[in-house]
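I opened this one with no background and kept short notes on whatever I looked up. Here they are, in the order I made them.

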Amino acid sequence: GTVGFSLGSTMQTMRRRMFLAAAMLCLVSSAVSQAPLPPVYRLPTTITPVKYLVQVEPNIAAKTASGTIMIEMLTSSNESDSLNSITLHLGVDATVRESSVKLLDASGLKVPIGAIEYDDANTLIKVVLPEGNTLKNNGMYMLALEFACLLYSEPNGLFIGSYNTTSNYVASYFRPTFARNVFPCFDEPHFKTPITLRVLRPANYYAVSTAPWINSTTPDVNDMVLDTFEISEPIALHSLGLFISPMAPVTAMGLNLYAPPGTSTNVNYLETLLQNLYKTVGSLPTPGGNFSLVILPDKVFTSFSSYGIVYTSPEVYLGQEPGQRKQFSLRLKLTLAFLQQYLEYKMTPVWWSDLWLSDSIGTFVAMMLQPEYTESKHLPWIKVEMRSNGFGPDFSDSTHPVVDDQLLSRWDIENAIASESIKYKGLNVLTMWNDVMPEGLVMKTIQNYVELKKPVVTTNDLFELMVANIEANTTYNVIPAINLLQYWLNTTGHPVLTYQPLNNSMFTLTQSASCSETNNGSSPVWPISVSYTQNSTRDWTLYRQGVWLLNTSLDIS
């Protein structure tokens with residue numbers, strides 16, 4: 001039948017109808033002008049994915065990829081829910097061959113499709129049933145279609161890079177909202193499903209994925225091999241990883257290392273880091289039993305990850321940058337990429353409003369694991385680094401709290417991650433809490449949190465552990481410590497403090513205002529933990545803790 005579109009211009013119509021240049025002639029559907037779809041930030045929960053089967057074939061020469069996807073879905077059991085359409089995410093550079101779109105019921109019978117609509121502003125695609133038709137409640141359905149996408153030059157969906165002048169690699173990076181740039185999907189973190197991934201690659205390449213390897217075909221007449229990967233553990237799409245390499249992996253430091261020829265396979269600081277990581281939060285949670293570390297020679301000063309795969313650039317991997325602060329920063333990036341395995345991919349925040357559970361906690365633990373933190377001569381600047389980073393970004397982003405329920409659009413989510421404002425504001429909260437609590441209590445709470453092994457989490461999961469550990473491990477008034485967490489996580493801006501030295505080594509701290517114009521209708525008095533040491537020694541191993549500024553001013557001696 002004829003399918004309809006919701007498109008705003010002739011150029012959009014042409015883009016949506018084009019399944020890359022080579023396939024343009026295969027499109028036979030006609031365009032029908034309709035009103036734009038209304039803004040949507042969250043997908044309906046009336047239809048949820050149960051399992052994905054994706055087959056993808058990158059075309060390295062054309063810098064494109066194409067494939068097929070089948071999504072098993074379950075409809076709501078609530079009879080009052082509307083079930084006359086299926087809404088998914090689809091990026092503006094990804095395309096669907098509309099003649100290939102099929103909807104099947106549990107018996108394998110075709111379900112008629114009335115229209116396919118697009119909402120580019122919200123990166124959505126909607127499969128609409130004919131008027132008067134509806135899906136059955138509590139029913140299983142399968143949506144199948146063909147797709148195509150671009151291979152980007154930077155980490156965004158599927159991207160391509162070069163090992164040298166004669167060989168390329170293809171990799172994926174779907175965090176936070178880039179899976180939709182490859183194929184239509186339910187691109188939200190709480191939709192966790194098993195995934196089967198099939199990858200068609202040249203026989204002289206190697207492929208690794210988040211999903212464990214199942215089998216590979218023998219090379220066909222075009223010297224292509226089809227790899228099958230499958231993971232039964234439900235995962236969020238943004239954590240799915242794929243790397244197609246011209247180089248075979250080597251075993252190094254207990255990892256599968258994908259790196260250009262001649263790359264050092266043993267890095268002392270990385271071996272030590274991994275050992276400390278295992279002692280702190282346990283062995284790396286690897287879906288297939290193996291963990292991959294990928295060196296991207298054409299990228300600089302970067303580390304990021306998918307589930308079971310950490311990508312990094314050569315100077316980060318080798319720690320080659322001169323200057324201790326620079327080396328510290330690079331090690332921090334790599335450590336955080338490893339910690340995301342526990343704090344985001346294994347235990348996934350229900351929504352990006354709880355982004356700090358991954359980024360802030362990961363950065364806090366990463367700093368604790370650096371060798372400088374155990375050396376008293378470095379401790380002052382480490383503490384300043386932890387605090388100052390929390391304040392700096394806030395001057396340009398003071399209207400967002402750490403736990404931000406208004407983090408809705410993909411642009412806000414991507415900007416929050418790129419600006420690192422939430423990451424460092426949350427780090428500041430953890431640092432204050434760590435300074436006033438008994439030694440090791442914060443790390444113990446984080447360890448307890450990781451041990452929950454919940455597939456989806458919210459801030460409340462961590463907060464309950466925090467409160468329980470505060471009450472069980474402190475002998476003084478615990479109310480300020482509990483209030484600190486609640487207030488600093490949920491309030492916009494930051495307080496402004498004035499330091500006034502007095503006689504006899506005394507000083508006054510005065511809290512006068514908030515950096516934010518709005519304060520959620522609450523009191524302008526923030527609970528603030530105060531840590532200090534003597535100027536003559538600057539020895540932060542002797543700093544005073546357990547001091548609170550709970551009013552507008554405080555005299556300290």
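**Cores**

I started with the inside of the fold. The largest nonpolar core has 87 residues, and L270, L293, F338, W356, I361 and F364 are the ones with the most contacts inside it. Then I found a second core of 56 residues, separate from that one, which includes L103, F191, V199 and A207. Note to self: this is a predicted model.

**The seven-stranded sheet**

Next I traced an open sheet. Its seven strands come in the order β4-β7-β2-β1-β10-β13-β12, and the pairing is mixed. Which strands stand at the edges? I got β4 (95-105) and β12 (213-216); each has a single partner strand, so one side of each is left without a neighbour in the sheet. I also looked up the turn between neighbouring strands here: 15 degrees on average, direction ignored.

A reminder I jotted down for reading any sheet: side chains in a regular strand alternate between the two faces.

Then I went through some of the pairs.

- β1 (residues 47-59) and β2 (residues 64-75) are antiparallel and share twelve bridges. I picked out L53, which stands opposite M70 in β2.
- These two strands, β1 and β2, make a hairpin with four residues between them. In that turn, K63 has a positive phi of about 55 degrees.
- β1 also pairs with β10, this time in parallel, through five bridges. Here Q55 has R198 in β10 as its bridge partner.
- β10 and β13 (residues 224-236) run antiparallel, joined by ten bridges. R201 faces V225 of β13 across this pairing.

**A lysine in β10**

While on β10 I stopped at K192, which lies in that strand. Is K192 buried or exposed? K192 is buried, as its relative accessible area is 14% and the cut-off for buried is under 20%. I also checked K192 against T348: they are 156 residues apart along the chain, yet their C-alpha atoms are separated by 8.8 Å.

**β8 and β9**

I turned to β8 (residues 157-162) next. Five of its six residues are buried, so the strand is largely enclosed by the rest of the structure. β8 runs antiparallel to β9, and six bridges join them. G157 stands opposite Y173 in β9. The two strands form a hairpin, with five residues between them.

**Backbone oddities**

I made a separate list for unusual backbone geometry.

- Where is the cis peptide bond I noted? It runs from R175 to P176, with omega near 0 degrees. P176 sits in the loop between β9 (168-173) and β10 (192-202).
- T123 is not a glycine, but its phi is positive, about 45 degrees. I placed T123 in the loop between β5 (115-119) and β6 (124-128). T123 counts as buried because its relative accessibility is 1%.
- N138 is another residue other than glycine with a positive phi, near 55 degrees. N138 belongs to the loop between β6 and β7 (140-150). N138 counts as exposed, because its relative accessibility is 52% and the cut-off for exposed is over 50%.

**Cavities**

Last stop: enclosed spaces. How many cavities of 30 Å³ or more are there? I counted three.

The largest cavity has a volume of about 80 Å³. Its lining includes V54, V56, F147, L158, S172 and F174, and V182, F183, L197, L240, G241 and L242 are also among the lining residues. By class I noted ten nonpolar, two polar and no charged residues.

The second largest cavity comes out at about 40 Å³. Around it I listed P401, V402, K425, W488, T491, G493, H494 and W526. By class, this lining has four nonpolar, three polar and one charged residues.

**Where I left off**

For my next visit I bookmarked three places. One is the hairpin of β1 and β2, with K63 in its turn. Another is the cis bond from R175 to P176. The last is the largest cavity, with no charged residues in its lining.

Conventions. Residues numbered from 1 in each chain as written. Predicted model: local features only at pLDDT ≥ 70, side-chain atom pairs only at ≥ 80, totals over all residues. Heavy atoms only, no water. Core = buried A, V, L, I, M, F, W, Y, C linked by side-chain atoms within 4.5 Å. Buried < 20%, exposed > 50% of the residue type's maximum accessible area, 1.4 Å probe, protein only. Pairing = 2+ DSSP bridges. Axes fitted to C-alpha atoms, helices over the stretch in contact; angles between N-to-C directions. 1 Å grid on protein atoms, 1.4 Å probe; cavity = no way out; pocket = protein on both sides within 12 Å on 5 of 7 lines; lining within 4 Å. Points joined across faces, edges and corners; volume = space filled by probe spheres on them. Nonpolar A, V, L, I, M, F, W, Y, C, P; charged D, E, K, R; others polar.
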